[in-house]
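Work through the exercises below with the sequence and the model side by side. Each task is followed by a solution in steps.

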Amino acid sequence: MSAGELFGEMSCLKRTPRSATVVAERDCYVVEMLRNVLDQLKKDPKFKEEMDRKYKERVFGLQVRNLPLFRDLPDDLIAWLRDRVELENFRSGQIILDEHDRPDDMVIIRSGLVKICQGVSHLYSAVDILNWPGLASRLATAEAGTAMALARE
């Protein structure tokens, strides 16, 4: 590694043990950034893009190889996947997939927890659409709840 490169950011952000030891080869200066600084930097789109690129480059293949489904894939196919995967972040309570969505992708949970629910689709049924007054009331209530949640952030 040389001047201007980051190290340790993945461990810091994910609160996981470090995957390597870093030793200075000659006298050097380093800048230590605490977790709260990195949390603020992640809000910048360019910084987040660079962090995602580094994750894909350094960690993606190793994590995917730990999954039984991908364990025996050749390196060139893992590289092909790495170049096409989209990294997404979701807030607590945010819907990732609705049970009645048409599937065109697969999701691998990189960190955190998700809850799987059945029978609680957020898509509107034929009964909802035929009951316009009830649907309008539900939409108004949902919109007010979203506005209140955003105001708290």
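**Exercise 1.** Identify the residues of the nonpolar surface patch in this predicted model and place L97.

Solution. Step 1: the patch on the surface consists of F90, I96, L97, V107, I109, V114 and I116. Step 2: together these residues have about 650 Å² of accessible area. Step 3: L97 sits in the loop that runs between helix 4 (75–84) and helix 5 (126–130).

**Exercise 2.** Describe the largest pocket by its volume and its lining.

Solution. Step 1: the space in the largest pocket is about 2,000 Å³. Step 2: its lining has 50 residues, and F90, I96, V107, I109 and V114 lie nearest the centre. Step 3: helix 1 (9–14), helix 3 (45–65) and helix 4 each give two or more residues to this lining. Step 4: helix 3 provides the largest share, seven residues. Step 5: sorted by class, the lining holds 25 nonpolar, 11 polar and 14 charged residues. Step 6: compare with Exercise 1; F90, I96, V107, I109 and V114 belong to the nonpolar patch and also lie nearest the centre of the largest pocket.

**Exercise 3.** Describe the second largest pocket in the same manner.

Solution. Step 1: the volume of the second largest pocket is about 1,600 Å³. Step 2: 40 residues line this pocket, with M1, L6, F7, G8 and V22 closest to its centre. Step 3: at least two lining residues come from helix 1, and at least two from helix 3. Step 4: by class, the lining of the second largest pocket has 20 nonpolar, 10 polar and 10 charged residues.

Key. Residues numbered from 1 in each chain as written. Predicted model: local features only at pLDDT ≥ 70, side-chain atom pairs only at ≥ 80, totals over all residues. Heavy atoms only, no water. Patch = residues over 30% accessible without salt bridge, like charges linked within 9 Å, V, L, I, M, F, W, Y side chains within 5 Å. Areas by Shrake-Rupley, 256 points an atom, 1.4 Å probe, with all protein chains shown as cover. Salt bridge = Lys/Arg side-chain N within 4 Å of Asp/Glu carboxyl O. Helix = DSSP H or I, 4+ residues; strand = E, 2+ residues; numbered from the N terminus. 1 Å grid on protein atoms, 1.4 Å probe; cavity = no way out; pocket = protein on both sides within 12 Å on 5 of 7 lines; lining within 4 Å. Points joined across faces, edges and corners; volume = space filled by probe spheres on them. Nonpolar A, V, L, I, M, F, W, Y, C, P; charged D, E, K, R; others polar.
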